[in-house]
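Open your viewer and get your selection tool ready. We will walk through a few stops, one selection at a time.

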Amino acid sequence: LGFDAPWGPLNVPFQAQGDFPALRTPEVSFDALRLDDVDLQGVYLDLDLGLDNEHGSDLWFDNFDYSLQVAGVDVAGGTLAELGGVAGASTATVSLPVDISFYGVGGAAMALLDGQPMNLGLSAKADVDTPFGIVGLAIDETGDLRLD
């Protein structure tokens, strides 16, 4: 290390060795779309998201602000204060509640109930609690799922 001193540069020998954990973005995937309930107002689903955490430390997802599209139509969204987490170097499944009103998006809801595979899009932002502090995460995932 070098320092500027009043009498000139001062060099101090320094050597360090070891590992430093590098923060990696978790992989997010659509795992399943499950029917919770149906009534005259709409369809109530649970969207299971797979989280693959290659990072060696636990990650927790808070303030999960999301928007879900089915067949290109915005159908649900909201903010979950606590979504859950995934242990270090492992995978986990977390569930998002999805309430689809028949009013305005009835076609997408009926297609899901009919068993047709549907294209889903998830846009989300979350605060991820890491060993390095809170880190912002943006998610933009698409995929096809059939209602289980």
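The tour starts with confidence, moves to a hairpin and ends at a group of charged side chains.

**Stop 1: colour by pLDDT.** This is a predicted model, with a mean pLDDT of 88 and 98% of residues at 70 or more. Select strand S3, residues 27-38, for the highest mean among the elements, 94. Then select helix H1, residues 102-113, where the mean is the lowest, 74. Where pLDDT is low, the predicted coordinates should not be read in detail.

**Stop 2: the hairpin.** Select residues 59-70 (strand S5) together with residues 73-86 (strand S6); these strands run antiparallel and share eleven bridges. Zoom in on Val70, whose bridge partner in S6 is Val73. Two residues separate the strands in this hairpin, and Ala71 has a positive phi near 55 degrees.

**Stop 3: the salt bridges.** How many salt bridges does a search of the whole structure find? The search turns up two. Select Arg34 and Asp48 to see one of them, with N and O 2.8 Å apart. Asp48 sits in strand S4 and Arg34 in strand S3, so this contact ties together parts 14 residues apart in sequence. Now add Asp46, which also forms a salt bridge with Arg34, its closest N and O atoms lying 3.9 Å apart. Asp46 belongs to strand S4, residues 42-53, so this pair links parts twelve residues apart in sequence.

**Stop 4: switch on the surface.** Arg34 is partly exposed at 31% relative accessibility. Asp46 is buried at 18%, and Asp48 is buried at 10%. Through shared partners, the salt bridges join Arg34, Asp46 and Asp48 into one network.

Terms used: Residues are numbered from 1 along each chain as its sequence is written. This is a predicted model: local features need pLDDT of at least 70, side-chain atom pairs count only at pLDDT 80 or more; totals for chains, interfaces and linings use all residues. Side-chain values use heavy atoms; hydrogens and water are left out. Two strands pair if DSSP finds at least two bridges between them. Helices (H or I, at least four residues) and strands (E, at least two) are DSSP runs, numbered from the N terminus. pLDDT is the predictor's confidence in each residue, from 0 to 100. A salt bridge is a side-chain nitrogen of Lys or Arg within 4 Å of a carboxyl oxygen of Asp or Glu. Buried means under 20% relative accessible area, exposed over 50%, partly exposed in between (1.4 Å probe, protein chains only).
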